[in-house]
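Dear colleague,

Please find below the structure that I am handing over to you. My findings follow directly after it.

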Amino acid sequence: MLRLLASTVLYVLGNAIGIVVAAQLLPGFSIDFWSIVFVAAIFTLIVVVFTPLLIKISIKNVPQMSGGVALVAILVGLIGTSMFSDGLQISGLTTWILAPLIIWVVALIAGLVLPLFLFKKTLEKVKES
C-alpha cells in the first residue's frame with residue numbers, strides 16, 4: 001500500500017513538473033499558479049484511465065501505434081484537463097503537438113530522478129541490508 005502511494009505521488013509530481021516546464025517553454029501553454037495541483041491531479045487521472053484503453057486499442061487495431069501510446073495518452077489527458085479545468089489553457093497547433101512531447105520527456109526524467117531525492121533514506125536502508 002505504501003509503495004502504491006509513493007508511486008502515485010511520484011507520478012503526479014512528475015506530471016506536474018512536466019506541465020510547468022511545458023508552460024514555461026511554450027507560449028500557447030499557460031497554467032494558473034493556484035491550479036497546478038488540481039490540473040496535475042486531473043491530468044494524471046485521465047492518463048491513468050485512458051492508457052490501458054489506448055494500449056488495448058492499439059494492439060488490436062494499430063500495433064504500430066503501441067510505441068506512441070504514452071504520447072497519445074498525454075494528448076488525451078491534456079484535452080480532457082483543458083476541458084474540465086479553467087486553470088489550463090492551450091492554444092495553437094504547434095503547442096498541442098509539442099506539449100505532450102515535453103511533458104512526456106520531463107515526466108520520464110522526473111520519474112527516474114525524483115525517487116533518488118524523495119526516497120533517499122529508504123534507498124540507503126535497502127542498500128545497507
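The accessible surface of the protein amounts to about 8500 Å², and carbon and sulfur atoms account for 74% of that surface. Please keep in mind that the model is a predicted one. Of the 129 residues in the protein, 33% are buried. Along the principal axes, the C-alpha atoms fill a box of roughly 50 × 40 × 25 Å. As for charge, the protein has 7 positive and 4 negative charges, and the mean positions of these two groups lie 14 Å apart.

Turning to the fold, the protein has five helices and two strands. Their order along the sequence is α-β-α-α-β-α-α. Among contacts with a separation of 6 or more, 71% join residues that are 24 or more positions apart.

Two of the helices deserve a closer description. Helix α3 covers residues 69-84. With 16 residues at 1.5 Å a residue, α3 should span 22 Å, and this agrees with its end C-alpha atoms, which are 22 Å apart. The buried residues of α3 are V69, A73, I74, G77, L78, G80 and T81. These buried residues pack against both strands, β1 (29-31) and β2 (88-90), and against the helices α2 (36-61) and α4 (93-118).

Helix α4 is one of those partners of α3. Its 26 residues should span 38 Å at 1.5 Å a residue; the end C-alpha atoms are 36 Å apart, which agrees with that expectation. Where does α4 bend? The bend is at L112 and comes to about 30°, with a proline, P115, following within four residues. P115 is also buried, as are T95, A99, P100, I102, I103, V106, A107, A110 and L114 of the same helix.

Finally, I would draw your attention to one residue of helix α2, namely S58. Is S58 buried or exposed? The relative accessibility of S58 is 1%, and residues under 20% are classed as buried, so S58 counts as buried. Leaving aside residues up to four places away in sequence, S58 touches P63, M65, S66 and V69. V69 appears as well among the buried residues of α3.

As you look through the model, you may wish to begin with α3 and its packing partners, β1, α2, β2 and α4, and then follow α4 to its bend at L112.

With kind regards

How values were computed:
Residues are numbered from 1 along each chain as its sequence is written. This is a predicted model: local features need pLDDT of at least 70, side-chain atom pairs count only at pLDDT 80 or more; totals for chains, interfaces and linings use all residues. Side-chain values use heavy atoms; hydrogens and water are left out. Buried means under 20% relative accessible area, exposed over 50%, partly exposed in between (1.4 Å probe, protein chains only). Contact means heavy atoms within 4.5 Å. Accessible areas come from the Shrake-Rupley method with a 1.4 Å probe; for residues, only the protein chains shown count as cover. Lys and Arg count as positive and Asp and Glu as negative; His and the chain ends are not counted. The place of a charge is taken as NZ of Lys, CZ of Arg, CG of Asp or CD of Glu. The expected span of a helix is 1.5 Å times one less than its number of residues. The bend at a residue is the angle between axes fitted to the seven residues ending there and the seven starting there.
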